[in-house]
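Hello,

Here is the structure we talked about, ready for you to open next to your notes. My reading of it follows below, and I hope it is useful at the bench.

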Amino acid sequence: MADFAAERAKIEAFVHNTCDKLGWDLYTNEEVTGLVRDGLAKNRVEYGFQACPCYSFLSYHQRDADGNFTQDPPKKNLKVNCPCEPARVLDVPGSVTYANREEMEAKTTGWPDRGTITDNPDGTVTLTSYHPGYCHCFLFTAKHGVIADGDIG
Ligand code: SF4
């Protein structure tokens with residue numbers, strides 16, 4: 001089994017590389033980001049990939065009705081492999097407008113919560129994420145995002 005300290009070091013490099021590559025920043029509260037980084041490292045040790053510590057397997061079809069994993073070990077799930085699909089699709093900042101409801105539903109299939117859905121007069125649909133400007137775990141934020149600690153809800 002992989003070593004936690006070694007995986008934690010990989011996560012450290014990963015978060016900085018991801019910010020560089022995608023033009024994101026890290027959320028400013030290091031206590032919060034430290035916990036998320038620990039969770040990612042723990043999942044690397046436990047599952048062999050960096051499953052999101054909050055979305056993880058709880059939300060994405062890998063448990064049966066009794067809460068047991070449907071695969072042993074759970075397979076790599078790109079939807080929740082950090083940086084996860086919701087964060088990538090949203091490009092972190094706030095709201096996204098889709099051509100129509102079908103497109104929105106197709107692109108957000110399996111999300112535990114789509115946030116606020118607005119039907120626009122021209123037929124487009126705007127989805128506003130519940131944490132506009134930062135990823136669900138409060139690890140990544142939009143570049144130069146101004147996010148107060150009190151925003152965590
Ligand atoms: S919510 Fe954030 S920490 Fe979790 S997988 Fe997505 S980008 Fe990574």
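The side chains of Q50 and R44 are joined by a polar contact of 2.8 Å. Please keep in mind that this is a predicted model. Q50 has a second partner too: its side chain reaches the backbone oxygen of C82 at 3.0 Å. Where does Q50 sit in the chain? The residue lies in the loop between α2 and α3, the latter being residues 85-90. Is Q50 buried or exposed? Its relative accessibility is 7%, and because anything under 20% is classed as buried, Q50 counts as buried. Leaving aside neighbours within four places in sequence, the residues in contact with Q50 are I11, F14, L40, R44, V80, N81 and C82.

Two of those names, I11 and F14, bring us to helix α1, where both are buried. The other buried residues listed for α1 are E7, R8, V15, T18 and C19. Seen down the axis of α1, the buried residues fall within an arc of 125°, so they line one face of the helix. What do they pack against? Their partners are β1 (25-26), α2 (30-47) and β5 (140-141). On the face of α1 turned away from the buried side you will find the exposed residues A5, D20 and K21.

The length of α1 can be checked as well. The helix covers residues 4-22, which makes 19 residues, and at 1.5 Å a residue it should span 27 Å. Its end C-alpha atoms are 26 Å apart, which agrees with that expectation. After α1 comes G23, whose phi is positive, near 75°.

Now for the sheet. It is an open one of three strands, in the order β2-β4-β3, and the pairing is antiparallel. β2 (95-98) and β3 are the edge strands, each of them pairing on one side only. On average, neighbouring strands of this sheet are turned by 20° against each other, with direction ignored. How many bridges join β2 to β4? There are four, and the two strands run antiparallel. If you want a pair to look at on screen, take Y98, whose bridge partner in β4 is V125.

Another residue worth a look in this part of the chain is T124, in the loop between β3 (116-119) and β4 (125-128). With a relative accessibility of 17%, T124 counts as buried. Its side chain makes a polar contact of 2.6 Å with the side chain of D122. Beyond its neighbours within four places in sequence, T124 is in contact with T97, Y98, A99, T118 and D119. Y98 in that list is the residue whose bridge partner is V125.

Finally, the overall picture. The protein has four helices and five strands, and along the sequence they follow the pattern α-β-α-α-β-α-β-β-β. It contains 153 residues, of which 41% count as buried. Among contacts with a separation of 6 or more, 59% are between residues 24 or more positions apart.

If you only have a few minutes, I would start with Q50 and its polar contact with R44, then turn to the buried face of α1, and end with the sheet of β2, β4 and β3.

Best wishes

Methods: Residues numbered from 1 in each chain as written. Predicted model: local features only at pLDDT ≥ 70, side-chain atom pairs only at ≥ 80, totals over all residues. Heavy atoms only, no water. Expected span 1.5 Å × (residues − 1). Buried < 20%, exposed > 50% of the residue type's maximum accessible area, 1.4 Å probe, protein only. Arc of directions from axis to C-beta. Contact = heavy atoms within 4.5 Å. Polar contact = N/O pair within 3.5 Å; in protein donor to acceptor, adjacent residues only side chain to side chain. Pairing = 2+ DSSP bridges. Axes fitted to C-alpha atoms, helices over the stretch in contact; angles between N-to-C directions.
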